[in-house]
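Open the model in your viewer and keep the sequence panel beside it. We will go from stop to stop, selecting as we go.

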Amino acid sequence: MTPRTVRVWSWIHRWSSLVCTVFALLLCLTGLPLIFKDELGPDLGLENAAGGAATASLESMISRAQAARPGQVVPYLFFDRDQPIVKVPTSPSMTSDPASFHYQVFDIRTGRQIDVPQPNEGFMYVMLRLHLDLFAGVKGTLFLGLMGVLLVVAIGSGVALYGPFTRRFDFGVVRRGSGRHRTWLDLHNLLGIVTLAWFGVVSFTGVINTLAAPIELAWQANQLVEMSSQAKPVENEDRRASIDDVLREVRAAVPGMNVMTVAFPGTPFATPSHVAVFLTGSTPLTSRILKPALVDASSGAVVAVRDMPWYATALFTSQPLHFGDYGGLPLKIIWALLDVVTIVVLISGLYLWWGKRRRRSGVAASEVSEHGR
Amino acid sequence: MSGFRRQWLWPLILAASTVFGLVAALVGEGAVWLGLSWATLSMPLLTILRCLTPSRRDDKSPSVVGRSGKWSGSEDRRW
């Protein structure tokens, strides 16, 4: 690499890092507690029900949730991947902002209501919103996505610079006793190159995750419209099939899959006359990939079932690789430690830039004073 | 050992092991894959520990490291 090329890479690395470092630090710090969101979440106090099958009526749970919140509607049902529970949100309308939802949680085996704090308040919610969108909605998410792109550029340029900066050393050497700057530079190089693949994957999948809203819009505009066009005209729009019957039909049409989310008619993920049911598989990978089934809301008949398009599948696959929640508690601990290492890389980069800036301004000041004499 | 291997062998091994660990827990089913994932993803952390242990530091520093036995410091100045 020629000196000029090194200068160009240094410039790219310096400025791409500087612009995104504060946000990258924020994402690393807020991401740390989010890794353990299941462990830090409320104790559900689930008793061991015989058999463990979902036998309680969902229709009854919805009625109870609505009775507790008069005048509100139930737009969705959210099932849990790991626990036998369903979260029943209520909101003023079917298209209300999810941030305004009030959640009630039920044991799907017994129908017992579980008293838990609202997921959209408290410390973890603040961490989540800071990590997700800086409390600025889709604009905030897309802004963080842009910062993520800069972070990926910073990682790539850092790899390009690793070669010329370490070519005289054995791998992993951290010089001590020859200046704080050199020690931090070596530490920055070592920690950066060692965590390169992990940080690269987490940053890149984070960028993909920020595209969730556009991906949802694309799915709604294309696939959802196509699926609903397969349905016959609804004969009796006032009639509503029981959600228990709807799920029975769906499970018969798509055996071996688990219901994760139900979107009721009128929500952005269904149509005015269809219920959308989102299913997942049982393996670590397929449990992340949603498969939608569209059901006629009046008759309960399954209208269409299809796989998600490639861009949605890319989003679903990127989520576990970003969150690190797919390999048990040991993986979460490793994830957290790698996150801490990344924080040191970011801080050391900032320190190196600041130190160089101070040295330069010190040299300039001494030159000025010497000329002045 | 050639300069390229000396410099890039471990980074490449660690990157490959990390990617394997990330994919193993996602695609593989069963405790074996989980164990492999934990082991391979721990390698970067263990490498950091190994590089920062006092015995290694004493071997390599504060003396200058390089084939010529001299450190020009030009790389540092570029930073």
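The tour below visits a chain, a helix, a histidine, a cavity and a pocket. Keep in mind that this is a predicted model.

**Stop 1: chain B**

Select chain B and colour it by secondary structure. You will find four helices and zero strands. Reading along the sequence, the pattern is α-α-α-α. How much of chain B is buried? Buried residues account for 38% of its 79 residues.

Now pick Ala39(B). This residue sits in helix H2 of chain B, which spans residues 31–52. Is Ala39(B) buried, partly exposed or exposed? Its relative accessibility is 44%, so Ala39(B) counts as partly exposed. Add Ser17(B) to the selection and draw a distance between the two C-alpha atoms. The gap is 9.1 Å, although the two residues are 22 places apart along the chain.

**Stop 2: helix H9 of chain A**

Move to chain A and select residues 243–253, which form helix H9. Which residues of H9(A) are buried? They are Ile243(A), Asp244(A), Val246(A), Leu247(A) and Val250(A). These buried residues cover an arc of only 155° around the axis, so they lie on the same side of H9(A). A general rule helps here: an α-helix has 3.6 residues a turn, so residues three or four places apart point the same way.

Turn the view to the face away from the buried side. There you meet the exposed residues Arg248(A) and Ala252(A).

Next, show what covers the buried residues of H9(A). The cover includes helix H3 (58–68) of chain A. It also includes strands E1 (76–79), E5 (258–263), E6 (274–280), E7 (291–296) and E8 (302–305) of chain A.

Finish at the start of H9(A) and select Ser242(A). One of its side-chain oxygens comes to within 3.1 Å of the backbone nitrogen of Asp244(A).

**Stop 3: a histidine in helix H6**

Select His188(A), which lies in helix H6 of chain A. Is His188(A) buried or exposed? Its relative accessibility is 10%, so His188(A) counts as buried. Now add Val345(A). The side chain of His188(A) reaches the backbone oxygen of Val345(A) at 3.0 Å.

**Stop 4: the second largest cavity**

The model has three cavities of 30 Å³ or more. Go to the second largest, which has a volume of about 100 Å³. Which residues line this cavity? From chain A, select Tyr162(A), Thr166(A), Phe169(A), Asp170(A), Phe171(A), Gly172(A), Val173(A), Asp186(A), Asn189(A) and Leu190(A). From chain B, add Arg6(B) and Gln7(B).

Three helices each supply at least two lining residues: H5 (137–166) and H6 (180–194) of chain A, and H1 (3–27) of chain B. H6(A) gives the most, with three residues. Colour the lining by class and you get five nonpolar, four polar and three charged residues.

**Stop 5: the second largest pocket**

Last, find the second largest pocket, which holds about 290 Å³ of space. Its lining has 15 residues. Which of them lie nearest the centre? Select Glu59(A), Ile62(A), Val74(A), Arg240(A) and Phe264(A). Helices H3 and H9 of chain A are the elements that give two or more residues to this lining. H3(A) gives the most, with four residues. By class, the pocket lining has 11 nonpolar, two polar and two charged residues.

Terms used
Residues are numbered from 1 along each chain as its sequence is written. Chains are lettered from A and ligands numbered from 1 in the order in which they are written. This is a predicted model: local features need pLDDT of at least 70, side-chain atom pairs count only at pLDDT 80 or more; totals for chains, interfaces and linings use all residues. Side-chain values use heavy atoms; hydrogens and water are left out. On a 1 Å grid over the protein atoms alone, a cavity is a set of points where a 1.4 Å probe fits but cannot get out, and a pocket is an open set with protein on both sides within 12 Å along at least five of seven lines; lining residues have an atom within 4 Å of a point. Grid points are joined across faces, edges and corners, and a volume is the space filled by probe spheres set on the points. Ala, Val, Leu, Ile, Met, Phe, Trp, Tyr, Cys and Pro count as nonpolar, Asp, Glu, Lys and Arg as charged, and the others, Gly among them, as polar. Buried means under 20% relative accessible area, exposed over 50%, partly exposed in between (1.4 Å probe, protein chains only). The arc is that of the directions from the helix axis to the C-beta atoms. Contact means heavy atoms within 4.5 Å. A polar contact is a pair of N or O atoms within 3.5 Å; within protein, one must be able to donate a hydrogen and the other to accept it, and residues adjacent in sequence count only if both atoms are side-chain atoms.
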